[in-house]
Amino acid sequence: MGDPRRYVVIGGGLAGLASAVWLAEAGKQVTLLERRGRLGGRTHAMKAEAVDDLPDNGQHVIASGYDHLFRYLESVGTRQYVAFPHAATLRWPDGRKVAMRTNGLSAWRTFTGAHPDSTLLDRLRAAVATTRLGWQCLNQPADLADISSEQWFQRIGMPAKAREALWDWLALGVAAEPVQQESAKVLADVLATGIRLGMKHRRPVTIGYPTTDLDTLYITGAKEVFARHGVEVRYRAVARQVHIADGRVTGVTLADGSVVPADAVVCAVPNSNIGGLLDDLPEHAEIYAAAQKLGYTPIVSTNLYLDRPLGTEAEFEALIGGTGIIDEVFDRQRMTGRSTDKAWLYCLTTSGAYDQIHKSHDEVVAEQMALLRRYYPAAAEAKIVQAQVVPMPKATFSQVVGTHGLRPDQRTSVPTLVLAGDWTATDWSATMESAVQSAARAVDHLLRLPTPPTPSAAVPDELPSVP
């Protein structure tokens, strides 16, 4: 017999989409509640009217070790839209540049001597420090949660040139926080995961990118899965509280006062939206406190359409020394093969954008163009066809010193209520993989629960006599 339970997923971001897809594939009766008029959460495409284009709300990169994300892409039929380049480019404002490679022996040079001015002694010191860093990732000192990544780099003797060329930039990309305040524990955990996956798959973890828009990559295929399996998607459905009685979920109250019946719930909302939803859960106060303490990290993304190419040499390039305004420049022509008939599109990303998040559209664009002109001579005469600034004040949860151990487990004290989202406890920092891994753990827990018996037809106390 089938499972009679009604499964409700709260939140249509990546964690919610993955949860609903995998529950549906398991033959469950699923309702997905999304408070907005679209799916995707913080991962979606948007329209650029002036050039009739479909850029994303922010450029994402994908590591080859994102095993759960690839499982999701297989489920929705879009695995083929991820590519892994041979190299990226590190750029300095005076025209110097270095190819950053992560395959084979070239990877070791990247990790130890990526700076164009590195001497042999610099590389030897970087090699020693990098070896020490890798060892401490796998055999972590007890105080890593209490120090910043910068303090950790200083302690292991990472040379200034190696930090400038790679490690400070890499740490910023991992946690979207400057190394002065980022938790060393976060960086160590992510690097340890990458090392273990590299050993498991017998190849180093490399960085790739989507070759299509984020709607096509994450959302369109999920909708097709929902249509095949009868998943009900309810838009503009704002969940207010999950109801629990006698240790089990009974339903979800919406903002309009209606109740969606539920026997199991996946609460897949960001830490900024968790308040009030779990009031019936015995440990709700601890979860709310953790969500609040984790806080938020801002990211500013810009889709910049120019009347000419910048002169990039790789799909994505890091601007060394430009931290705080632009961390990375993504060449969408190289990434997606888009037409340049109307303009060249570059996606700019600023992580830990505390200084930019409250600035106006024009101020952000002016700052970014000024910086681009320092790195790309072709930008000097470039004219802006269209610019879209996408400020995300709550882009991810914060991963500063003092936040280790706050991320809650997917399981709760009520077996039929689970949490999902990048801010819950996973092997990664605030990434798509973290969101999808949390969904996998949440769904696996629900699928392991025993199926309740299906009520049989009532049997009368006395059978009618046969004449």
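**Close-up views of a predicted model**

**View 1. Cysteine residues of the predicted model.** At a relative accessibility of 2%, Cys-347 counts as buried (under 20% relative accessible area with a 1.4 Å probe and protein chains only; over 50% is exposed, and values in between are partly exposed). Cys-137 is likewise buried, its relative accessibility being 1%. The structure contains zero disulfides (pairs of cysteine sulfur atoms within 2.5 Å). The model is predicted, so that local features need pLDDT of at least 70 and side-chain atom pairs count only at pLDDT 80 or more, while totals for chains, interfaces and linings use all residues. Residues are numbered from 1 along each chain as its sequence is written, and side-chain values use heavy atoms, with hydrogens and water left out.

**View 2. Packing of helices H6 and H7.** Helix H6 spans residues 160–175 and helix H7 spans residues 184–201 (DSSP runs of H or I with at least four residues, numbered from the N terminus; strands are runs of E with at least two). The two helices pack at an angle of about 90 degrees, and their axes (lines fitted to C-alpha atoms over the stretch in contact, with angles from 0 to 180 degrees between N-to-C directions) are 10 Å apart. H6 is therefore roughly perpendicular to H7 (65 to 115 degrees). On the H6 side, Trp-167, Leu-170, Ala-171, Val-174 and Ala-175 are in contact (heavy atoms within 4.5 Å) with Val-186, Leu-187, Val-190 and Leu-191 of H7. By class, this contact has nine nonpolar residues (Ala, Val, Leu, Ile, Met, Phe, Trp, Tyr, Cys and Pro), no polar and no charged ones.

**View 3. An aromatic cluster containing Trp-167.** Ring pairs join Trp-152, Phe-153 and Trp-167 into a cluster. Across the whole structure, a search finds six aromatic pairs (rings of Phe, Tyr and Trp, the last by its six-membered ring, with centres within 6.5 Å). The ring centres of Trp-152 and Phe-153 are 6.4 Å apart and their planes lie at 15 degrees, so this pair is stacked (planes under 30 degrees apart). Trp-152 is buried at 0% relative accessibility, and Phe-153 is buried at 0% as well.

**View 4. Gly-134 in helix H4.** Gly-134 belongs to helix H4, residues 120–138. With a relative accessibility of 18%, Gly-134 counts as buried.

**View 5. Positive phi values in two loops.** Most residues other than glycine have a negative phi. Asp-52, which is not a glycine, has a positive phi of about 50 degrees. Asp-52 is found in the loop between strand S2 (29–33) and strand S3 (62–63). For Arg-236, phi is positive and near 55 degrees. Arg-236 is placed in the loop between strand S8 (232–234) and strand S9 (239–245), and is exposed, with a relative accessible area of 64%.

Methods. Parallel < 35°, antiparallel > 145°, perpendicular 65-115°, else oblique. Phe/Tyr/Trp six-rings, centres within 6.5 Å; stacked < 30°, edge-to-face > 60°.
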